[in-house]
Amino acid sequence: MEKMAYNKKTEFLVSYPATYRIRISGQPSQHGADYLQGMAIVTFETGDQETVTQIMGQLPDQAALMGILQHLYSFAIPLPSVECLDICSQKGDAK
């Protein structure tokens, strides 16, 4: 088994705050939405009459992102996309 190369860029992506946009199919329940503290939640209809919810906001690190993704997974919510919009070198300092 080959070892994964570790470099400063990898640390930067995992250890620093970043802004994420997560799209899920459908609309989260109020309990599910409460778990996404501080993130903006917008629900809209696509051209196919499908309901999509966009969850967007800054998280402290990739572990926090994984916590949200695991929470969504536990409810079997489909995830059409997860995007990292920007990475911060320090809190509030977008790169």
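**Close-up 1. Glu83 and its contacts in this predicted model.** Leaving aside neighbours within four places in sequence, Glu83 is in contact with Thr19, Tyr20 and Arg21. Glu83 sits in strand 4, and Arg21 stands opposite Glu83 in the sheet. Arg23 is worth including in the frame as well: Glu83 and Arg23 are 60 residues apart in sequence, yet 8.7 Å apart in space, C-alpha to C-alpha. Is Glu83 buried, partly exposed or exposed? With a relative accessible area of 29%, Glu83 is partly exposed, because that value falls between the 20% limit for buried and the 50% limit for exposed residues.

**Close-up 2. Thr19 and the residues it touches on strand 1.** Thr19 belongs to strand 1, and its bridge partner in strand 3 is Gln58. Which residues does Thr19 touch, not counting those up to four places away in sequence? The list is Gly57, Gln58, Glu83, Cys84, Leu85 and Asp86. Glu83 from the previous view therefore appears here again, and the contact is listed for both residues. Thr19 has a relative accessibility of 16% and so counts as buried, the cut-off being under 20%.

**Close-up 3. Strand 1 with its two partner strands.** Here we follow the strand that holds Thr19. Strand 1 (residues 18-25) pairs with strand 3 (residues 51-59) in the antiparallel sense, over 8 bridges. With strand 4, strand 1 also runs antiparallel, and 6 bridges join the two. Two facing pairs make handy landmarks: Arg23 stands opposite Gln54 in strand 3, while Arg21 stands opposite Glu83 in strand 4. How many residues of strand 1 are buried? The count is 6 of 8, so strand 1 is largely enclosed by the rest of the structure.

**Close-up 4. The open sheet and its edges.** Stepping back a little, we see 4 strands in the order 2-3-1-4, paired antiparallel in an open sheet. Which strands stand at the edges? They are strand 2 (40-45) and strand 4 (81-87); each has a single partner strand, so one side of each is left without a neighbour in the sheet. From one strand to the next, the twist averages 15 degrees. As a reminder of what holds such an arrangement together, strands of a sheet pair through backbone hydrogen bonds, either parallel or antiparallel.

**Close-up 5. Helix 3 across the sheet.** Helix 3 (residues 62-74) lies across strand 1, strand 3 and strand 4, and runs at about 10 degrees to strand 1. How far apart are the end C-alpha atoms of helix 3? They are 18 Å apart, which agrees with the 18 Å that its 13 residues should span at 1.5 Å a residue. The buried residues of helix 3 are Leu65, Ile68, Leu69, His71 and Leu72. Seen down the axis of helix 3, these buried residues fall within an arc of 155 degrees, so they line one face of the helix. On the face turned away from that buried side are the exposed residues Ala63, Met66, Tyr73 and Ser74.

**Close-up 6. Leu59 and its surroundings.** Leu59 is found in strand 3 and is buried, with a relative accessible area of 8%. Beyond its neighbours up to four places away in sequence, Leu59 touches Pro17, Ala18, Tyr20, Met39, Ala64, Leu65 and Ile68. One of these, Tyr20, is 39 residues from Leu59 in sequence and 7.4 Å from Leu59 in space, C-alpha to C-alpha. Two others, Leu65 and Ile68, are among the buried residues of helix 3.

**Close-up 7. The largest nonpolar core.** This core has 13 residues, and those with the most contacts inside it are Ile22, Met39, Ile55, Leu59, Leu65 and Ile68. Which elements give two or more residues to this core? Strand 1, strand 3 and helix 3 do. In soluble globular proteins, nonpolar side chains tend to be buried together.

**Close-up 8. The fold that frames these views.** The protein chain has 3 helices and 4 strands, which follow the pattern α-β-α-β-β-α-β along the sequence. Buried residues make up 27% of its 95 residues. Of the contacts between residues at least 6 apart in sequence, 70% join residues at least 24 apart.

Conventions: Residues numbered from 1 in each chain as written. Predicted model: local features only at pLDDT ≥ 70, side-chain atom pairs only at ≥ 80, totals over all residues. Heavy atoms only, no water. Pairing = 2+ DSSP bridges. Axes fitted to C-alpha atoms, helices over the stretch in contact; angles between N-to-C directions. Contact = heavy atoms within 4.5 Å. Buried < 20%, exposed > 50% of the residue type's maximum accessible area, 1.4 Å probe, protein only. Core = buried A, V, L, I, M, F, W, Y, C linked by side-chain atoms within 4.5 Å. Expected span 1.5 Å × (residues − 1). Arc of directions from axis to C-beta.
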